Every structure is written in structure tokens, then in C-alpha cells.
Amino acid sequence: MRKFTSVADIGDLHSAIREALQVKADRFAWEKLGHNRTLLMLFFNSSLRTRLSTQKAAMNLGMNVMVLDVNQGAWKLETERGVIMDGDKAEHLLEAIPVMGSYCDIIGIRSFAGLADRDADYSERVVEQFIRYSGRPVFSMEAATGHPLQAFADVITIEEHKTKERPKVVLTWAPHPRALPQAVPNSFVEWTVAAGYDVVIANPEGYDLDPRFTRGARLTHDQDEAFRGADFIYAKNWSVAQPDNYGKVLCTDRSWTVDSRKMALTDNAFFMHCLPVRRNMIVTDDVIESDRSLVIPEAANREISAQTVIKRMLEAL
Ligand code: AN0
Ligand code: CP
């Protein structure tokens with residue numbers, strides 16, 4: 001595998017899930033595969049889980065790991081071509097990328113949506129430049145429009161907990177005080193539809209996701225209706241995806257917070273969230289602390305999704 005930015009890059013999802021479960025059963029079985037290989041993890045944005053789980057995954061494979069927080073200690077990087085660089089940015093991505101590529105074998109990159117320029121975000125300008133100019137396999141650790149390592153971990157978690165062949169999986173929007181990207185919900189829908197689940201998206205009017213990510217899912221603006229009979233509830237906030245009001249927060253309606261009344265409408269559903277989560281905005285304390293909450297095993301599976309992807313990249317070097 002030379003790139004990992006969407007579900008299309010993983011090939012057959014069910015064999016990828018089987019491989020991930022093999023990795024989970026014996027995560028040190030490939031500890032020689034990464035000998036003398038170096039992973040560079042590059043962060044333009046904050047992270048707790050992605051940083052630790054991906055580093056751990058690479059260490060399980062015997063790799064060396066370098067982590068760079070671009071905004072803390074590196075030169076500020078210009079990302080647009082043709083700009084007269086007379087501002088605060090000392091270096092251009094077009095030099096920085098091949099330089100960084102020369103020090104490593106695989107690159108992982110986190111670069112969130114700016115939420116100001118929809119075309120720039122939806123063309124995945126930053127990650128695409130890394131794919132083009134680094135000369136290395138590149139995987140997304142959450143880019144502008146997708147978070148595939150998260151969605152892969154989410155699908156692994158659902159496979160481990162489902163009791164029906166085709167569970168009803170509900171992605172529900174929930175309120176949040178700040179504007180968040182659409183990357184997590186976009187990937188969650190892409191991957192759960194690819195896994196063959198009955199996928200329903202519930203969000204307020206004006207918050208529909210970009211249709212290129214939601215093919216195969218049912219959409220509703222009625223959260224209670226979506227919750228009825230659900231087997232998995234996946235809560236997430238996102239800002240407006242549509243060109244009008246792109247990146248804005250139009251609604252902070254706390255009637256969308258996931259609480260025990262709504263969970264009681266489901267078929268004893270599991271609760272999921274990618275974390276970090278704002279309690280009592282997205283989900284109440286009692287729901288996230290309940291024995292149906294999967295947020296911790298879900299986060300633990302981030303090590304497994306990352307290891308499966310890095311393993312495939314190492315095997316293709
Ligand atoms: C980010 C987001 O919503 O995309 C990262 C989630 C994994 N969340 C925040 O910035 C709070
Ligand atoms: N879920 C997730 O990607 O968390 P971090 O932002 O902490 O990496």
C-alpha cells in the first residue's frame with residue numbers, strides 16, 4: 001500500500017478486518033518487519049490517541065519513529081504555490097516535503113480542515129502534496145475530509161461487538177461549542193457502508209454531509225426516529241459541510257445531546273465516540289460511563305488499525 005487516505009485504499013474491507021484481528025491476537029508477530037525502517041509522524045494539529053496509538057503500532061513492528069509537531073519548533077510552512085513569502089512563513093511545503101521524505105521510509109500526517117476555504121479542504125491539498133512530492137508511502141492521521149484510521153478502528157470495534165449480521169448503525173450529530181471538521185463523520189459513513197451495515201445519519205437541517213461520503217446511508221433530521229431499533233449509536237459533532245455557511249456553527253441545540261432517554265429508544269445499543277468528547281454537550285455522563293459505552297475499547301483499537309496499515313506499507317516497500 002502506497003497511500004491510505006480513504007476506504008478505497010484498503011481494498012477488500014473484510015479481509016482487512018480479518019488481518020486486523022490477527023494483528024490484535026499477536027501484535028508482536030511482525031516485530032522484525034520494521035527493522036531499520038523509520039516512520040515520520042507529522043502533526044499540524046493536536047492529538048492524544050493518534051499520536052500514541054500510531055507510535056505504539058510502529059514500535060510493535062520494530063520501527064524507529066520520529067514525531068514532529070509542525071507548529072511547535074519547526075519553521076512555519078507555506079502551503080500555497082505562487083505566494084510571495086514576505087509574511088511569517090519561513091519555508092515552503094514544496095521544499096519541506098522532499099526534505100522530510102529523505103529522512104524516513106513512511107510518513108503519517110495530520111492536517112485538519114481549515115474550515116475557511118471549502119475547495120482547499122475538499123481537494124485535500126496538503127495531503128495530496130505529500131503523496132506527490134515526498135516519494136514515500138503516506139497515510140492520513142486525519143486530513144481535511146477524512147479520518148480513515150479512526151473509521152477502520154470503529155469498524156473493527158463494531159465487528160467485535162455486533163450480535164446481528166447487519167446491525168443498524170446510527171451516526172448522530174451532537175452539539176459542540178466550536179466548529180469541528182467533517183472528517184470523522186465522513187469516514188465513519190464511508191467505512192460502515194463499505195462494511196455492509198444498515199447506516200442511518202441523523203443531523204439538524206443544514207448539517208447534511210457531502211453526498212460523496214454518504215452514498216448508501218439513510219438520512220434523517222429526526223434523531224428519535226433514527227435511534228429506534230439502533231444497535232450502535234455513534235455521536236459526533238461537525239460544522240456545516242455545505243458551501244453556504246461552510247465551516248460555521250449554526251446550531252448548539254442541546255436537545256441533540258445523547259442521553260439515557262434516547263438510548264432507551266434503541267435496541268440496547270452500544271455508544272461510540274472517537275474522543276476527545278465534551279461531556280454533557282455531546283453525551284451525558286451516565287451514557288458514556290454505562291456498560292454499553294465502547295469509547296475505551298474503540299480508542300484501544302486505534303493501535304490495531306494503525307498497525308495493520310503500517311504493516312501493509314512496510315510489506316510493500
Ligand atoms: C477533532 C475533530 O472533530 O475532527 C479530532 C477528532 C479525532 N476534534 C476536535 O478538534 C475536538
Ligand atoms: N480520535 C482521535 O483521533 O483522537 P486524537 O485527536 O486525540 O488523536
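Helix 2 and helix 12 are oblique to each other, and that is where I would like to begin, keeping in mind throughout that what we have in front of us is a predicted model. In general, two packed helices are described by the angle between their axes and by the distance between those axes. For helix 2, which covers residues 49-60, and helix 12, which covers residues 295-315, the angle is about 50 degrees and the axes are 8 Å apart. Angles from 65 to 115 degrees would count as roughly perpendicular and angles under 35 as roughly parallel, so this pair is called oblique. The crossing of helix 2 and helix 12 is right-handed.

If you look at who makes that contact, helix 2 contributes Arg49, Thr50, Ser53, Thr54, Lys56, Ala57, Ala58 and Asn60, while helix 12 contributes Ala299, Arg302, Glu303, Ala306, Gln307 and Ile310. Sorted by class, the contact between helix 2 and helix 12 has five nonpolar, five polar and four charged residues.

Please keep Thr50 and Arg302 in mind, as I now turn to ligand 2. Which residues surround ligand 2? They are Ser47, Leu48, Arg49, Thr50, Arg110, His147, Gln150, Cys274, Leu275 and Arg302. A polar side-chain atom of threonine 50 lies 2.6 Å from an oxygen atom of ligand 2, and a polar side-chain atom of arginine 302 lies 3.0 Å from an oxygen atom of ligand 2. With leucine 275, it is a backbone N or O atom that lies 2.9 Å from a nitrogen atom of the ligand.

Next comes ligand 1, whose surrounding residues are Phe112, Glu142, His147, Leu180, Pro181, Lys236, Cys274, Leu275 and Pro276. In the side chain of glutamate 142, an N or O atom is 2.6 Å from an oxygen atom of ligand 1, and a polar side-chain atom of lysine 236 lies 2.7 Å from an oxygen atom of ligand 1. You may have noticed that His147, Cys274 and Leu275 are listed around ligand 1 and are also listed around ligand 2.

Let me finish with another pair of helices. Helix 1, residues 13-25, and helix 6, residues 148-161, pack at an angle of about 80 degrees, with their axes 10 Å apart, and that angle makes helix 1 roughly perpendicular to helix 6. Here Ala16, Ile17, Ala20, Leu21 and Lys24 of helix 1 meet Phe152, Val155, Ile156, Glu159 and Glu160 of helix 6. By class, this contact of helix 1 with helix 6 has seven nonpolar residues, no polar ones and three charged ones.

Conventions. Residues are numbered from 1 along each chain as its sequence is written. Chains are lettered from A and ligands numbered from 1 in the order in which they are written. This is a predicted model: local features need pLDDT of at least 70, side-chain atom pairs count only at pLDDT 80 or more; totals for chains, interfaces and linings use all residues. Side-chain values use heavy atoms; hydrogens and water are left out. Axes are lines fitted to C-alpha atoms, for helices over the stretch in contact, and angles run from 0 to 180 degrees between N-to-C directions. Helices (H or I, at least four residues) and strands (E, at least two) are DSSP runs, numbered from the N terminus. Angles under 35 degrees count as roughly parallel, over 145 as roughly antiparallel, 65 to 115 as roughly perpendicular and the rest as oblique. A crossing is left-handed if the near helix is turned anticlockwise from the far one by less than a right angle, and right-handed if clockwise. Contact means heavy atoms within 4.5 Å. Ala, Val, Leu, Ile, Met, Phe, Trp, Tyr, Cys and Pro count as nonpolar, Asp, Glu, Lys and Arg as charged, and the others, Gly among them, as polar. A residue is near a molecule or strand if one of its heavy atoms lies within 4 Å of it. A polar contact is a pair of N or O atoms within 3.5 Å; within protein, one must be able to donate a hydrogen and the other to accept it, and residues adjacent in sequence count only if both atoms are side-chain atoms.
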